[in-house]
Amino acid sequence: MATDNTSIAAQRRAAIAEALDEIRRIAAGNAPDRATLAVITARLEQLATQTALFTRADFPPPAESAGVGASTRYRLNFEDGDDGIALYLNSINPGKTTIPHNHTTWAVIVAIEGQEENRIYRRTDDGSDPAVAQLALVRELTVQPGTSVAFLPDDIHSIHVVGNQPTLHFHLYGQPLETLSGRIGVNLETGAVVNYNATQFTPSEVAA
């Protein structure tokens, strides 16, 4: 069994490396536009079809005792450090929500299992007051197998994990989340702007 586990881990690392090498080539040059992000999304969706490499056994969700909406984020290319793109596998219990936020880099979310409703917003203020933002809901989209979403750096969304099973979703970013110190979050009721990483962010786990 140990040999089998070692083999799966090696296959997983190879598949991740191959996918990320291709994505780096796709993203090379200028910052990706929406058309480029669509190509990146399609490549990440190919990786998501290799379900035997990304199982709940290897990437377990938080225990039920951790509570509704508990989450675990696994960094899949930790060996790349803080340079360049970062791929995570998120396992989140139903009930998890976030406040609306941006990323300050491009982002792609692709599902292996589970459902994550994304609410996508636009700013209706002029941005002149850094402490306040006004948002309007543009659309809602549920990320699940076969339905993905991508964001440019200034796009704003919130997530809401629905359904009856934890998610197992790829989250790919142009830079590691840990380095994105300028992200903002917005309180929908008051419009108050907060630093997202400082107030909402939890550390990632390192994948085996």
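These legends walk through an overview and several close-up views of one predicted protein model.

**About the model.** Because this is a predicted model, local features need pLDDT of at least 70 and side-chain atom pairs count only at pLDDT 80 or more, while totals for chains, interfaces and linings use all residues. Residues are numbered from 1 along each chain as its sequence is written, and side-chain values use heavy atoms, with hydrogens and water left out.

**Figure 1. Overview of the fold, with 3 helices and 11 strands.** Helices (H or I, at least four residues) and strands (E, at least two) are DSSP runs, numbered from the N terminus. Following the sequence, you will meet them in the order α-α-β-β-β-β-β-β-β-β-β-β-α-β. The C-alpha atoms fill a box of roughly 55 × 45 × 30 Å along the principal axes. The radius of gyration is 17 Å, which agrees with the value near 17 Å for a compact globule of 208 residues; it is taken over C-alpha atoms, and the globule rule is 2.2 Å times the number of residues to the power 0.38.

**Figure 2. Surface, interior and charges of the whole protein.** Of the 208 residues, 43% count as buried; here buried means under 20% relative accessible area, exposed over 50%, and partly exposed in between (1.4 Å probe, protein chains only). The protein exposes about 10,100 Å², and carbon and sulfur atoms supply 50% of that area. Accessible areas come from the Shrake-Rupley method with a 1.4 Å probe, and for residues only the protein chains shown count as cover. A contact means heavy atoms within 4.5 Å. Among contacts between residues at least 6 apart in sequence, 75% join residues at least 24 apart. There are 15 positive and 24 negative side chains, and the centres of the two sets lie 1 Å apart. Lys and Arg count as positive and Asp and Glu as negative, with His and the chain ends not counted; each charge is placed at NZ of Lys, CZ of Arg, CG of Asp or CD of Glu.

**Figure 3. S158 in strand β7, which spans residues 156-162.** With 0% relative accessibility, S158 counts as buried. Look for its side chain making a polar contact with the side chain of H160, at 2.8 Å. A polar contact is a pair of N or O atoms within 3.5 Å; within protein, one must be able to donate a hydrogen and the other to accept it, and residues adjacent in sequence count only if both atoms are side-chain atoms. Beyond its neighbours within four places in sequence, S158 is in contact with T98, I99, P100, H101, E117, N118, R119 and Y121.

**Figure 4. T98, a contact partner of S158, in the loop between β2 and β3.** T98 counts as buried, at 12% relative accessibility. Besides S158, T98 touches I159, H160 and Y196, leaving out residues up to four places away in sequence. For a sense of scale, the C-alpha atoms of T98 and P62 are 17 Å apart, with their positions 36 residues apart in sequence.

**Figure 5. T104 and T105 in the loop between β2 and β3.** This loop runs between β2 (86-92) and β3 (107-113). T104 has a positive phi of about 65° although it is not a glycine, and T104 is partly exposed, with 33% relative accessible area. T105, in turn, counts as buried at 6%. The side chain of T105 reaches the backbone nitrogen of G174 at 3.5 Å. Its contacts, outside four places in sequence, are F151, L152, P153, Y173, G174, Q175 and L180.

**Figure 6. L172 in strand β8, residues 168-173.** L172 counts as buried, with 0% relative accessibility. Leaving out residues up to four places away in sequence, the residues it touches include L20, I23, I40, L44 and W106. L172 and T142 are 30 residues apart in sequence and 17 Å apart in space, C-alpha to C-alpha.

**Figure 7. D82 in the loop between β1 (71-75) and β2.** D82 is exposed, with a relative accessible area of 54%. Apart from neighbours within four places in sequence, D82 is in contact with P176 and T179.

**Figure 8. R13 in helix α1, residues 2-27.** R13 is partly exposed, at 47% relative accessible area. The C-alpha atoms of R13 and L53 are separated by 9.1 Å, and the two residues are 40 apart along the chain.
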